[in-house]
Every structure is written in structure tokens, then in C-alpha cells.
Amino acid sequence: MLDTLFPFLGGLGLFLIGMMLLSEGLVAFAGGSLKQILLAFTGRPIKAFASGALITALAQSSTATTVTLIGFVSAGLISFTQAIGVVIGASLGNTATGWIISGLGLKVNLGFYTLPLIGLGALLKLLAPGRHKELGRALAGFGTLFLGLSMLQDGMQGLAANFSLAHLPAGGYGAHLLIMLTGLALTAVLQSSTAAIAMTLTALDAGAISFDQAAAIVVGASIGTTLTGVLVAIGGTIYAKRTAIAYILFNVIAGLLGLLILPLFLKAMYATGSYINTPPGALGLAAFHSLFIGLGAALCLPFTQPFARWVQKLVPDRAARPPHHLDDSLLQVPALALETTQRTLQEQAQRLLNLYQHSLAMSRPDTAATDLQQIGTVLDQAYEFVLRIPSAADDPAVATHISALLHAIDHMQRLRGRLQYQPGTDLLDQRYQHARSLASELTTLAQQSLHAQAPVDWQEQMQIRAQSQAQLLDTVRGQLLAAPQGQDDVSRTLRITDTHRWFERSSQHIWRASHYLELARQAKR
């Protein structure tokens, strides 16, 4: 019995580990490409559907697609309605593994032929620079996956002699429903519909279960894969909850549709098998999986907008949305996390510059104190978020991007402090005209840089004006200290000097924050 059980459990474990390594490695290696594909093909529902199916088939993980998708919705890059199409496509793309296993994995000992990939992947992971390490992880995962499948086949051959579902009822919706629940439970235990379907395919190939039972298990596995989505929805953000609920609802609809058409499909398969003198097997099972998911997609895609509104009603947004797009789900794709942080900081920079302009004109709104407090909270959250972005030690572009963002946050916080404790003097006073003029020109250049409308030499121009503020401070302070002063004059001197110092420090922080935001933009390219 142990000769059967150990290879079975070991093969299942290797399959799961291989799938995890393959998925994580591909997502880390091609995170930017995944982003480009999703953003390029999320216009109409059919394009969003195609991008979801393609990415899931390539990454071999619907979870990777949905996690990336949650990040995009959180970042405001795509709408939730567009996300529905991607979710439906991800479910269809998830059926690709069944075709690979039934078409090749069960016919050729790919576990033997992919063994070199495990060694090559390990060497790349240890020795290759930058993102190629992640490619090595994906290759090792691909080899491990098929090695596990080979061991799973061997274990299933022995298990078939000692275990059978023949004693369970066969035929009729009652029997199909019972076996479907078995597939759902199996997926819940393994936390992977792909692994459950791989086990079903190998069991069918070994003769441990009949084709009828295997088809019902596949329906159960398709519904069971949504249990991971339930876990995401429990503690996730509103974006994670809605995406997970949409994924759950679609798979339940498609699964029930599969259960409904199962008797007709079985009749067709047995009739075809009798005609060609070949009983239905693993390829027929993979076809059935794609068939009922495809029918579910054909049924739901034309109604993505009503479907999205339905989900939004099921998961209403009762809390006020935070004034940023930073969501923990973004951390799964560092490139997306960095870009979203950049967008958030540029939004906060624009708010700070608007308040600074109001300060220069002595027309600060009544909400200024609340706005500054809110900006400070967002910047604190952004700082903590950036520190949690995964960064490969040998990827200088990512390291530069992270460093630039942290420096930008620091200068923006310091500028916020200057605005919070603005001098009580009248900045429209004639003696501050030059300083105010320099500050206004500097602010205009900073705002233009945020919208990519600044002149080519904008950084040099900002530096000149910031340095002119410092020189003006030295000049004014020297002139005031050189004149004879009484007690009132000392107070006046300190007040004027502090005001010019406020101009000088504010200008420095605007210049440096703009410089680091631009440095972060360049690191992203």
C-alpha cells in the first residue's frame, strides 16, 4: 500500500509545487508584459475576455490573473465592468492545463524529458542577473510540474487496483450531483482546481473512475476553485471582494450549466466513441471542461454591464474610498505597485502645489488644514507601501525607482510641514515681491512637469530659482543685520528673515520633490 500511497502523495505535492513555481516565476518575469496585455485588451468585453484567457493560459494560474486584475481595478487603470470580461476569460484560460495534460502529459513521459529544465532553471535562479532569475524559477516549476504528473500517474495506477468509485451511483442528475460535490471537496482541500483536474485525468487514464464520474468531478472542481476567491473576499478590499464575487458567480453559473448539459454530452461522447471504436478519454474530458466554461462565457459576456451592477449591489461600497490607489494586492506585481505609487504621489504633489499657490496669494481655503492632514496620512501610507514592494537585489532599475519615490515622499512631507506652519506675515507685502515671484515661477514649472508639459530644461530652471531664493535669503539677512537695530527692529528682522527662510525651504522641497518624481518616471522606462 505504501508503494502506491507515497508516489501518489509525492507526485501530487510536486505537481502543486511546480505549478506554484511556474505561476510565480512567470508573473515576476513578465509582470510588465502582463500589465501591457491587460491594458491593451480591456476595451470591449470580448477583448477583455481574450486578454484574461491568454494571460491565464500563459501563467497557468487564474489566481495570478485575478490578483493582477484586482490591482488594476484598485489603481483605477481599468473599470470594474472591464474586469468582468477578464474574469470570465481567466476561467476559460484555466482549462488550458487540462488540454496539455490530456494531449501530452498522459501520452508522453514528459517528467523525464523536462528533468533538464529543473536543472537549468535552478542554475538560472542562482546565477542569472535581474529578472532572468524568475525565468529560471518558471522553468524549474514547469519541469517539476510534469515530474509530479509522472509520479502521480504511477501512484494512480496502483491506487486504481485498491480504490474505485464504482460503488457510487451512476447515471442521473442525483449521481452527477453527488460526484460533483466530491470534485468540489477535492478542490477545496488542494486549493487548486488545476491539481484536482490533473488528478481526475490521471485517475480516468488509470481506470480508477469512469468517464461519467470524471466529467462530474470536473464540474465540481470548476466550482470549487472559487473557494480561494471566498478567502480573498473575506479580508480583502472592496475591489478584491467584488472581483472575487464576480469570479465565484461566473464559475457557479458555468458549473451549473455544465451539470445541466452533462447527460447530453455523455450521450454524444459515447455515440462518437462507438462510431470510431474508441471509448471517451482524457481529451474528451478536457473538451467538456472548455465546453461548459465557453457556454457560460457566451451566456454572460453580452451582459457584462448588468452583471457588474449586480455584483456592485451584492457588495456595496459603504465606506468612503481612501484618497489613493494603494492596495496590498498590487504588491504581487512590483512594476504595477511602483507605477501606482508614482500616480498617487503625483496626485498628492498636485494638491500640495495648489495649496502652495493659494498660500502665495494669501487665499488659502478653509479646508486647508484638513487637506494637509489628509495628504500627510496618504504620504505616510505611501512610504510604508513602497517599503513593502518586493525588490530584487540585483535589479538596479527597481532599486532606483524605489529610492526615488522614498526621497520624493520625504520632500513632499517637508513641504507639507512648511505649508502647515506658514508664517503669519502678509506675503503680499512689497518686500516679499521678488521671493513670491520666484516661488510662483517654480510652482508653475513643477505643475507643468507633473503633466509632461514643462520645457526641456525645466529642472535646470527650477534649480536656478531655488538657488536664487537661497541667495535672496542671505542678501536680505545680511542687509538687516548690518543696520542698527532697536528692540522692535530685532523682532521685525526675525519676522522678515523667517518669512524669506520659509520661501527658501519651500522652494528647495518643491524642486527636490519634482526632481525625484522625474527620476522615478525615468527608472520606470
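Of the 525 residues in the chain, 50% come out as buried. The model is a predicted one, and its secondary structure is easy to sum up: 22 helices and zero strands. Contacts lean towards long sequence separations, with 80% of those between residues at least 6 apart joining residues at least 24 apart. On the outside, the chain exposes about 23,500 Å², and carbon and sulfur atoms account for 62% of that area.

Part of this surface is a nonpolar patch made by Leu123, Leu126 and Leu127, which together put about 370 Å² of accessible area on show. Leu127 sits in helix α8, which covers residues 115-127. With a relative accessibility of 68%, Leu127 clears the 50% cut-off and therefore counts as exposed.

Turning to the interior, four cavities of 30 Å³ or more turn up in the structure. The largest cavity has a volume of about 100 Å³. Its lining comprises 13 residues, and the ones nearest the centre are Ala349, Leu353, Ile510, Ala513 and Ser514. Four helices each put at least two residues into the lining of this largest cavity, namely α17 (334-360), α19 (396-420), α20 (433-450) and α22 (487-524). Of these, α22 gives the most, with five residues.

As for charged pairs, a search of the whole structure brings up eight salt bridges. Side chains of opposite charge can pair when their charged atoms come close. One of the bridges joins the side chains of Asp474 and Arg477, at 2.9 Å from N to O. Both residues belong to helix α21 (residues 458-482), and because they are three residues apart there, about one helical turn separates them. Asp474 is partly exposed at 45% relative accessibility, and Arg477 is also partly exposed, at 29%.

Another bridge links the side chains of Asp429 and Arg431, with an N to O distance of 3.2 Å. Here, too, the acidic partner is partly exposed, Asp429 having a relative accessibility of 27%. Arg431 is likewise partly exposed, with a relative accessible area of 42%.

The side chains of Glu504 and Arg505 make a further salt bridge, again with 3.2 Å from N to O. This pair straddles the burial cut-off of 20%: Glu504 has a relative accessible area of 8% and so is buried, whereas Arg505, at 28%, is partly exposed.

Notes:
Residues are numbered from 1 along each chain as its sequence is written. This is a predicted model: local features need pLDDT of at least 70, side-chain atom pairs count only at pLDDT 80 or more; totals for chains, interfaces and linings use all residues. Side-chain values use heavy atoms; hydrogens and water are left out. Patches are made of residues with over 30% relative accessible area and no salt bridge: like charges are joined within 9 Å, nonpolar side chains (Val, Leu, Ile, Met, Phe, Trp, Tyr) within 5 Å. Accessible areas come from the Shrake-Rupley method with a 1.4 Å probe; for residues, only the protein chains shown count as cover. A salt bridge is a side-chain nitrogen of Lys or Arg within 4 Å of a carboxyl oxygen of Asp or Glu. Buried means under 20% relative accessible area, exposed over 50%, partly exposed in between (1.4 Å probe, protein chains only). Contact means heavy atoms within 4.5 Å. On a 1 Å grid over the protein atoms alone, a cavity is a set of points where a 1.4 Å probe fits but cannot get out, and a pocket is an open set with protein on both sides within 12 Å along at least five of seven lines; lining residues have an atom within 4 Å of a point. Grid points are joined across faces, edges and corners, and a volume is the space filled by probe spheres set on the points.
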